[in-house]
Amino acid sequence: MLSKSMQKALNGQIQKEFASSYLYLAMAAYCETKNLPGAASWLKVQAQEEWGHGMKIYEFVNDRGGTVTLQAIEQPPAEFGTRVEVFQAVLAHEQKITAAINDLYALALKENDYATQIMLQWFITEQVEEEKSVSDIVELLKMAGEHMVVVDAQLGKRAAG
Ligand code: FEO
């Protein structure tokens, strides 16, 4: 059984994951208008992944006998600047998500909630991977210069999953 405080914190994380999905979809829509189909495709895959992260916690709360309470999602921005700035914004957002996951883990440790600790370990590993892949893209875009079209095509090769 989940404690009330852990349930509240996990519901907050469900909101953050679904809000991330919505934010990345807004970024994808922006990239479509800027004629960056590869970046748009990458961001749509990322949006799906974030939806999956939200559902992972949703299922966990239910499996532990808790109650999922969905929270409001703010309207995301519609403008994200240059292509480098788009991915810098993704990186900054992921760093915030990492901090939120770390806070959840600290709470699970404090409460001796071993099941939640194990569930969160997947997210801790995932955040390392996400921050690395996005910071690699930021560096690639910074270096791309006149080869931007090639880089965009590379981003478009990311498979769903
Ligand atoms: Fe679900 Fe990108 O953190």
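**A histidine, a cavity and two cores**

Let's start with one pair of residues: the side chain of His93 makes a polar contact with the side chain of Ser20, at 2.8 Å. Keep in mind as you look around that this is a predicted model.

Where does His93 sit? You'll find His93 in helix H3, which covers residues 83-110. Is His93 buried or exposed? Its relative accessible area is 16%, and anything under 20% counts as buried, so His93 is buried. Leaving out residues up to four places away in sequence, His93 touches Ser20, Leu23 and Tyr24. So Ser20 turns up again here, as the partner in that polar contact. For a sense of distance, try Gly12: His93 and Gly12 are 81 residues apart in sequence, and their C-alpha atoms are 16 Å apart in space.

Now let's follow H3 to another spot. The model has one cavity of 30 Å³ or more, and the space in the largest cavity comes to about 40 Å³. Which residues line the largest cavity? They are Leu36, Ala39, Arg83, Phe87, Leu141, Met148, Asp152 and Leu155. Sort that lining by type and you get six nonpolar residues, two charged ones and no polar ones. H3 and helix H5 (148-155) each supply at least two residues of the lining. H5 gives the most, with three residues.

One name from that lining is worth holding on to: Phe87. Setting aside residues up to four places away in sequence, Phe87 touches Ala39, Trp42, Leu43, Val134, Ile137, Val138, Leu141 and Leu155. Ala39, Leu141 and Leu155 are also among the residues that line the largest cavity.

Phe87 also leads us into the largest nonpolar core. In soluble globular proteins, nonpolar side chains tend to be buried together. Here the largest nonpolar core has 27 residues, and the members that touch the most others are Met27, Leu43, Val86 and Phe87. Which helices build this core? Helix H1 (4-33), helix H2 (37-63), H3, helix H4 (114-144) and H5 each supply at least two residues. H1 gives the most to this core, with seven residues. Apart from this core lies another one, made of 17 residues, including Leu2, Leu10, Phe18 and Ile57.

If you trace H3 once more, you can tie the tour together: this helix holds His93, helps line the largest cavity and supplies residues to the largest nonpolar core.

Note on methods
Residues numbered from 1 in each chain as written. Predicted model: local features only at pLDDT ≥ 70, side-chain atom pairs only at ≥ 80, totals over all residues. Heavy atoms only, no water. Helix = DSSP H or I, 4+ residues; strand = E, 2+ residues; numbered from the N terminus. Buried < 20%, exposed > 50% of the residue type's maximum accessible area, 1.4 Å probe, protein only. Contact = heavy atoms within 4.5 Å. Polar contact = N/O pair within 3.5 Å; in protein donor to acceptor, adjacent residues only side chain to side chain. 1 Å grid on protein atoms, 1.4 Å probe; cavity = no way out; pocket = protein on both sides within 12 Å on 5 of 7 lines; lining within 4 Å. Points joined across faces, edges and corners; volume = space filled by probe spheres on them. Nonpolar A, V, L, I, M, F, W, Y, C, P; charged D, E, K, R; others polar. Core = buried A, V, L, I, M, F, W, Y, C linked by side-chain atoms within 4.5 Å.
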